[in-house]
Each structure stands twice: as structure tokens, then as C-alpha cells.
Protein chains: 4
Amino acid sequence: MNDKEFILRGVCPDSLGLVAKVSNFLNEHNLFIKESAHYGDPETQKFFMRVKVISPEKNIDKIKFNERFKELAEEISMDWSFEDAILNPKTSIFVSKYSHCLQDLLYRQSVNALKIDLKSVISNHPDLEKIVSDYGIPFHYVEVSKDNKDKAETRMLDILNEDNIDLIILARYMQILSNDFCEKYYGKIINIHHSFLPSFKGAKPYHQAYSKGVKILGATAHYVTGELDEGPIIEQTVDRIDHTKSPEDMEIIGRDIESITLAKAVQYHSEQRVFLNNNKTVIFK
Amino acid sequence: MNDKEFILRGVCPDSLGLVAKVSNFLNEHNLFIKESAHYGDPETQKFFMRVKVISPEKNIDKIKFNERFKELAEEISMDWSFEDAILNPKTSIFVSKYSHCLQDLLYRQSVNALKIDLKSVISNHPDLEKIVSDYGIPFHYVEVSKDNKDKAETRMLDILNEDNIDLIILARYMQILSNDFCEKYYGKIINIHHSFLPSFKGAKPYHQAYSKGVKILGATAHYVTGELDEGPIIEQTVDRIDHTKSPEDMEIIGRDIESITLAKAVQYHSEQRVFLNNNKTVIFK
Amino acid sequence: MNDKEFILRGVCPDSLGLVAKVSNFLNEHNLFIKESAHYGDPETQKFFMRVKVISPEKNIDKIKFNERFKELAEEISMDWSFEDAILNPKTSIFVSKYSHCLQDLLYRQSVNALKIDLKSVISNHPDLEKIVSDYGIPFHYVEVSKDNKDKAETRMLDILNEDNIDLIILARYMQILSNDFCEKYYGKIINIHHSFLPSFKGAKPYHQAYSKGVKILGATAHYVTGELDEGPIIEQTVDRIDHTKSPEDMEIIGRDIESITLAKAVQYHSEQRVFLNNNKTVIFK
Amino acid sequence: MNDKEFILRGVCPDSLGLVAKVSNFLNEHNLFIKESAHYGDPETQKFFMRVKVISPEKNIDKIKFNERFKELAEEISMDWSFEDAILNPKTSIFVSKYSHCLQDLLYRQSVNALKIDLKSVISNHPDLEKIVSDYGIPFHYVEVSKDNKDKAETRMLDILNEDNIDLIILARYMQILSNDFCEKYYGKIINIHHSFLPSFKGAKPYHQAYSKGVKILGATAHYVTGELDEGPIIEQTVDRIDHTKSPEDMEIIGRDIESITLAKAVQYHSEQRVFLNNNKTVIFK
């Protein structure tokens, strides 16, 4: 039955009658609104819309719909998409040596709790190949060194292109991606940083947290831009600690919040709930 | 500027084109949709809608709007209301001897963090009069005993009627209200119960929690029906405890979650976010 | 260095001078107190003690220590143990068809985040064999039906005995164990129940939660007694839900809190932090 | 019965036999250990100890105890105190115009949920006098301007000295105290900062949080040093927000976590649970 559900997403300058115009259009095309959310941001004056519709006819003509909606979209200057409710984005996971986020994502997609179409795992270390292979997912070892950075990225892009990758997840990937790479996949790379950003950017955030004596640990999932540990925040989670915890203890405690935060961010993205709003996000939960 | 914001709420049987019909209507009446939320419950087949609109003209003719919307509402069998966004419901708080929830509500309304028009506090004990008077709110001591229950409720109803009370908050009020009373104010009485319902109904929930050795304490705000500690749940909050806590410690810890849970429930209600859905609630946050 | 750390645990009737007696003893045996926690329960009048000590000599003579401490323990009527700080209890996991808790435990022990010596996984269904085998852990399929319950338990006991199992984890195991079995492993079986006990005991707790319209989901890890979903609570965790969640959604959300709650309970147990105190627990975190 | 409970606190260089020495001493003086906690910090090599004892004799001779313990303390180089378990520190609250933390503290101490002996409220604005007077607490308006800073602090010190103040609570006090003042009351001034430190130091943290698009708000209670919004962290609390929240909404949401965080920090301090450990804290909960 799921093939009959679609999600219409749109962003445009805010103005009078937008909801009426769009819902009229849907009504005229015999699409039933199951769920809808709108938000007008007073700061950027943008209007955000996510509508889940059901088509009572089994096979809606998506091409026709797209053609017709295009006219309305132009009228209201809307960036939009109309996709299957379950989009299953073609996904690649980047990892280095830490396995907890990878393991968690592999498991979730395998039991269909996370609706992604996982095509590949790419790593700059060979260590995690077995975990990945056990799940029947292709593992690509792409060595990255100071001298071969460009070549390595070219190799990665080849792998990504082959599968028409829509989403890249950095699951504790310890290399910095080039600006070109980040721009090419703008809004399509999700990273997990193991601190409550903007606190403790950069290296060794658990050591930073330890030396400050904070009482709460955090993890932040965000879209990747060229800036290190910047980029629109999607999700944050925290856990309580106390004076007895060493940086090593924090790493172990942190694994759980890192995994959960990253999985939630990927879920919101794959359910087409997240919109970019300059350096921030709008998320319809 | 706030006098130009309104909230349209509606509940009706779910069907095709509801959002289009309503948003068209709003559009034709030159009302700008600032925020909207819809939900179709698959279990009860009911459609719930809350729309916040702005009127660009300073003084919308609410009587005319109501007249015209009535026709549409009849067509789609919708229960509805169209009110100022800031409703400031005329409110009475019932208390006994515990002061923490009362104190918290008094303070919040005094700094306008809770938008209620507090008309009276009614108590079956004289103890809390000073707290209430310090805030300039009328305090009514209505003694309740086994023998005078009916008479006491009549007296309370008189006080409530005089102020056209729209909302009654039971802030740790230790008397049981009659079925008649509960029905008269159905969906307009909010109670705080000091447990994570449905656990620990009835008397001394902290003692019950202690004897079970639970590791988390809860508080539940719900609408009041004739059934003791039943009724649609609006909000729940929890806090962590451990083996060192006595029932008395739990009472002190519980004060914070009781106050916060009740305040949140009252806020959701006063912002017209809560809908009754049989024995449950739909809340647009 | 860890081989030089030990944990002394004790429970006895509370009386004057217990801490002094024990710490003198440790001092005389040249054991350095790294961490210690005491608790005297006013209800049961029992004294609980957990002391982590370091031995500056590489090889403490545990047999000698035990001999000598026995005398003191008899004097103060103390039940006690003196074990390596990292005990690595020999563990068996029981499962049925749900894999999330199993998967989580398998991963944690594999990266040494959970210090258990996992000897076997026993299941009344063959479904999860591959997951277990991928980790190199023996998987035993023991069919359980109405008619063969006794025989099945005998078979399980054989498997457990062969490995001298100290800890059984019921990771969503859907069969009820016999009273005899529960008594034999009293204080050594940890179960995860997918509700905030004592709410929603028994079958289908997520459906119960749905029909009550609760706003918070819970999970409870507890020691198993003969009584269904009773037994001393070790850990509870909650997560927030709203009216849009179906029982099926709750199951997916619940997986995370079930896994985390069970893992925490197993960790506390394996770190020798949990004491039984009649139908409750004392836990030194 | 509480007059017979005492708390012995101590900090000293870590070494073998400390617990034994102290517990022997207590035993010899017929003091019953009700609760005790120790911690040896591997980084600073300091040993921290908090022991709650009961004296079976109604009137322990505190002067004698102090005399005798002094010798032991010198032997082990321990900074220590031996005080009534309920210390009721003589307290002054500093405020400016925001009332929520003040209101919360006033209420908690009035119902004895917070065990402080509140002697005065000092403010650089006259606005909050009525709230304070309603509770029967002296209110001192001490104007602070660029030119009279020194004089104003002298006036404050006079007020504090008159009452022998042990604890100063900055409940959203918007003036910076001089280094001299901070040093004079080192470890005795608790401030609430309305962010999750070290994020968003300085002015307008809610505006900073808004512009970063964080998904979680925080509040931090810490001891005050000369450095702005630095100083050992005592407690932190967070709450979830989303894209719909303006800085003004955050301020209202933030009130609750600010009040609770500050109240918890004051409670830990007044219960003698907090130890300074260089720029961090050790807290025995």
C-alpha cells in the first residue's frame, strides 16, 4: 500500500494564500492530505512546507504531476520535490576505525528501522571490512594520505557516482573532505561530532570536556559544509556525567549518544523532514 | 499587534479535500496562514486541525466570520472555534494544603509566562490564603466535609459562574469532585497526579513508588473525568531517583516535576493546542 | 595493571564500627582503597558495602585473603565476596525472534564496552543464528512447546552447566521460565520488559500504552523471580512520544530504550554494583 | 533528632590507609557512619571524603572533636570541616530585574525544600522589592553605576559582613563583581549562566543559541572566579527546542532550567556535597 503515499516538499518566499493554492492543486488532482506541516520563518521570510498525500488510484502519474505542479511552483517561486513517501535514499557510509556508529546504522537498515538503501561503505582503513561484509554490503578501502588526497577523493567520487549516491553519512570518519567535495554534495552529507556543538569543536572533544569539568556530554549531527564542525545542526543529544569519568569513560558513554543522534538525523533526512534554512535547519517531526 | 492573530480549531470526520476547503475559505477572507497543523487519526477516523491566521486588517469582523464559517462547518460536520490567538481563559485554581503547584502557577501568570486570566483560588483549607493574596487574587475558603459535599460544590459553582470560568486547575486539590461537576466542565478541568499514570493511581503514589523500588518518578497532568486518576493524559514528566530516596525525599523531588508538568499542560490548553480524542488527547506543539 | 584491582562486596545487619573494622582489615593487608560506597537502609536495617581496592603487590593471595576475611565476616554476620574488579561473568543470552537487544549486547561485548564473557546464545527459534555466528558465539536452538517445557529446560540447564554460567540475560525472550529455574539462578537472571513497570505488565505493553494515550514510553530491566514482570528493578529508561505514534511506531522507538536499559543493567551487574534488598535493589554507581 | 547528625569533609593528598585512619577515629569517638563517599582523583592525586555520622549521645562536644581531629588531620595534611549535617548557610541573594530564579529560591527556602538561612536580597534595581518583602526578607537596593562600583561593593560587603554571610547566590545578577570581591568569597559565590557553558559565554546567550540553530538549550550553575562565565561547574541542565523558537521563546523556556539548575547547585552546596578540585568540582550526590 505504501507505493501510494507521496511527500510534497517546498520552500518559497512567504506570501498570502500559499497553503490554499497548494491544497487546491492537490485536491484537484485527487490527492488526499494525510499529514501536513508548514512554517514561515520570521527571520528569513521563507515558507517551508511538507505534505504527505495518498493517491486513491494505485498508480499516480508522477511525470504528469510534476509537469503540472511546475507551473504553480514557478508562480510562487517554490523550490520543490514530489517523491515517494519512502524514498530509500541511495546511501554511502564513510568510516575510519571507530565502529559503533557504523554498526548501529548497519543494524538499523538491516531490520528496516532506518529506511536507506545502503550501497557502500568507504573507509581510509581496512579494519572494519568484516563487520560490513557480514551484512552483505560492499566495502571499499580507499587509503588517504597527505600526498594522495585529491586522488583519493576522485576514487571516492567514482564509487559514489556508480551508485548515484544521494546521501553520505560520516560515521566518525576522521578525514577532512575538500571544499569541492562538500559543495558537490551540499545538504547531502551528514556528520556526527562527538560534542555538544558549538562547544568543543575540532580534535579530542572528550578531552576538552574533561578538562572543563562539564556535567553533561553531548553529540551533534549536522550537515557538512567546508567549515570544520560547522554546518546546519540536525540533531543533538546529551547524557549526564560526573567527576569520576575519565576521557576514556566519556568515549564509551559517548558512543551511545553518538549512535542515537546520528541515526535520528539520518532518519529525519530519509523521511524528507529536514529543510536547510541558511545556516540552520527546519525539521518537521 | 497580537489582536490580529486568531486560531481556528476544528474536529470532523476525515475526508478528501478538507485542508483545501478550509484554506480556500481563509484565503477568500484575506486571512494569512501563519502556522497550521493537521492530523487524521487512523483509529477514530477523526480529522484534527489547528490554524493560526493573521488578519492584515486591524479589526476583523469575528461575528461575520463565524456566520460564514458556520455553513462550511455544517457541510463537513466540523466542531470548531475561532478565537483570539491569546485566549487568556478565565481560570480558577483549586488547592488544598500543598503550595508548590499553586505558587508556580501564580508566579508564571504574574510574569505573563502563562497566559491565563486567573480569577480565583478556591480551597478546602484556609492555609494558603496569604500566598494568594500577595498576588492580589481572590481566595475563597470553601470547607468540604462528608456531610456538606453537595452544598460545598454549589458554593463553588456560584463562585465559578460569577466569573464565567473556562478552565479549572486542580493544583494538588485533595477532594474528589462529583460526576455532575466533572461533566459540567468536561474538557475544562486539568488535574496533576503525582505519579506516572497508569502506575500508582489513588492515594500516596510516592509510597507506592518507594515500595516498588522504581528508578524513575513521574507526574501526569490530565483532564478530569468522573473516574479517579483517569481521563485523557495531556503531559507527563519524569525524574531519576535511586535507592537512597525515602517517600519524603520523593515528595520533595516530585514537587518540581509536578509543577512543571501542570504548567505545561495548562500552557498547551490555554494556547488551544489540545484536542480530546475519546480517552486520549491530540496535541499540536 | 587491572589484575591488581579487586572488589569487596558485603551485606550485613547495620551496626557501629563496620566501616572501621573493614577498612582496618584492608589496611593491615596492604590494600589501598580506591573507591568505596556504603549504604545503610533504614527500612531493612541492612548495611551494604562495595569497596574497590588496589594491591601494590602484583599477585595478592586471594585464597589467604578469603580465609582471613571469613573470620571478620562471621563476627559481623556479613555475606560477602572478594573478586577481581573485572569479573567478566560467564554469560548466556536467551532470545526469541526480536534481534535488537541481542545485536546490541553482541556488539558491546565485542568491543569490550560490556565486560561479560559471553559463552552462548540460546533461542526457542532458529532465526537469529546467523547474527550470533558472525560474532563467533555458539548458538543453541532449543525448541519450546507446551508439551516439552520440562525437557527444554533440562536441555538449557545442561548447556548452562557446561559453561558454569553466572549470568543469564533475557533479551526479549518470549517464554516463561519455571519457578525452579528462576530460583536456581536467583539474582542471576536479568530480563528486559518493554514498559515502565509496574505499568503495562504482561503481553503487548506497547498496545497497552497506545490505548492509554501515555506521553512517555518506558523500558525496565529487572532480576527475574517466579512472578511475571515482577522482580527487583535494576534500571529504567524513558522516551517521549506523541499522539501520532502507532503501536508499531512505539515498537521501533522502544527498541532503543530497551537496548540501552538492558545494557546498563548488565553493566551494573557485571561491575558488581547491584545488591538485592528484598524486592528492591541497591546500586552503587 | 537531626541535631545529632554531622558531616565530616576532608581533602588531602591521596595515600594508603586514609579511610581506615578516619573511620577508626570516628569509631573511637563513638560516631556511627550513616553514609560515606570517597574519591581519589587520578589527575590531581587528591583524596576527597564526605562522611555523615550520627552521635548516639545527644550532645557531642564539637570543640573537643575538633581539637582531637586536628592532630590526625595534620598527620595526613587534610583540609577538613566537621559541621552539623544541616548547616543552613547564612545566605544573600543578588538580583537585578529578572525574578524567576529569585522567586524560585524564595519559595524553596520558605517551605524548607532548600536549607539555607536567607538573610538578605541585594539588588542594583529597586524593582523586585515587593516579592522579597512578601517573604519577610530584608531587601537592599544598592545602585551600581560605572562611577560608583567600588563604593557600591563596599556597601554590599557591609551588608554581607553584618550577617556573617557564608554563601552568595547570583540569581541573574547582571553586574560583574570585582576580582577582590570574588577572591574574598572564593568557593562561596554561585552564579547561574543561561547557556550550556562553555558554549555561549558572555552577553545574550539565547540570541547566540538562536543564531547557531542549536536543538538543545542549557543552563549552568558554577562558582564565580574573576573570569567572566568561567569557574568550576556545579550543575548543568538542558531542554529541547526546535526551529520555531525565537530568542524570546528561549528566554521563557530557559527560565525553568535556570531556576532548577541554580536550586540544585545551591542544594548540593548547602548539603556540603561539593568540593573544589582546581577548576572543576567533585560532587558526592
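I will walk through a few parts of this structure, going from the symmetry of the chains to a shared sheet and then to some helix contacts. Please keep in mind throughout that what we are looking at is a predicted model.

Let me begin with how two of the chains relate to one another. If we take chain A and turn it by 180°, with a shift of 0.0 Å along the axis, it can be laid on chain C with an RMSD of 0.0 Å, and that is the relation of a two-fold axis. The residue of chain A that comes closest to this rotation axis is D134(A), whose C-alpha lies at 3.4 Å. The same surface serves both copies, in that 100% of the contact residues of chain A recur in chain C.

Now I turn to chains A and B, and to the sheet that runs through both of them. How are its strands ordered? Reading across, we have β4(A)-β1(A)-β3(A)-β2(A)-β2(B)-β3(B)-β1(B)-β4(B), an open sheet of eight strands with antiparallel pairing. At the edges sit β4 (79–84) of chain A and β4 (79–84) of chain B, each of which pairs on one side only. Neighbouring strands in this sheet are turned against each other by 15° on average, if we ignore direction.

As a reminder, the strands of a sheet pair through backbone hydrogen bonds, either parallel or antiparallel. For one pairing in detail, look at chain B, where strand β1 (residues 5–13) and strand β3 (residues 46–54) pair in the antiparallel sense over nine bridges. Within that pairing, C12(B) has F47(B) in β3(B) as its bridge partner.

Helices lie on this sheet as well. In chain A, helix α1 (residues 18–28) lies across β1 (5–13), β2 (32–40) and β3 (46–54) of its own chain together with β2 (32–40) of chain B, and it runs at about 20° to β3(A). In chain B, helix α1 (residues 18–28) packs on the sheet by touching β2 of chain A together with β1, β2 and β3 of chain B, and its direction makes about 20° with that of β3(B).

Staying with α1(B), we can ask which way it runs against helix α2 (residues 62–75) of chain B. Their axes come within 11 Å and cross at roughly 165°, which makes α1(B) roughly antiparallel to α2(B). The crossing is right-handed. On the α1(B) side, K21(B), V22(B), F25(B) and L26(B) take part, and they meet F65(B), R68(B), F69(B), L72(B) and E75(B) in α2(B). By character, the residues of this contact divide into six nonpolar, no polar and three charged.

A second helix pair is found in chain D, where helix α7 (residues 205–212) and helix α8 (residues 247–270) pack at an angle of about 120° with their axes 9 Å apart. That makes α7(D) oblique to α8(D), and this crossing is right-handed. Here Y206(D), H207(D), A209(D) and Y210(D) in α7(D) meet a set of α8(D) residues including P247(D), M250(D), G254(D) and E258(D). The residues of this contact divide into five nonpolar, two polar and four charged.

Finally, a single residue in chain B: I253(B) lies in helix α8 (residues 247–270) of that chain. Leaving aside its neighbours within four places in sequence, I253(B) is in contact with L217(B), D239(B), I241(B) and K245(B). The C-alpha atoms of I253(B) and E28(B), which are 225 residues apart along the chain, are separated by 53 Å.

Methods: Residues numbered from 1 in each chain as written. Chains lettered and ligands numbered in written order. Predicted model: local features only at pLDDT ≥ 70, side-chain atom pairs only at ≥ 80, totals over all residues. Heavy atoms only, no water. Axes fitted to C-alpha atoms, helices over the stretch in contact; angles between N-to-C directions. Helix = DSSP H or I, 4+ residues; strand = E, 2+ residues; numbered from the N terminus. Parallel < 35°, antiparallel > 145°, perpendicular 65-115°, else oblique. Left-handed = near helix turned anticlockwise from the far one by under 90°. Contact = heavy atoms within 4.5 Å. Nonpolar A, V, L, I, M, F, W, Y, C, P; charged D, E, K, R; others polar. Least-squares fit on C-alpha atoms with pLDDT ≥ 70 in both. Pairing = 2+ DSSP bridges.
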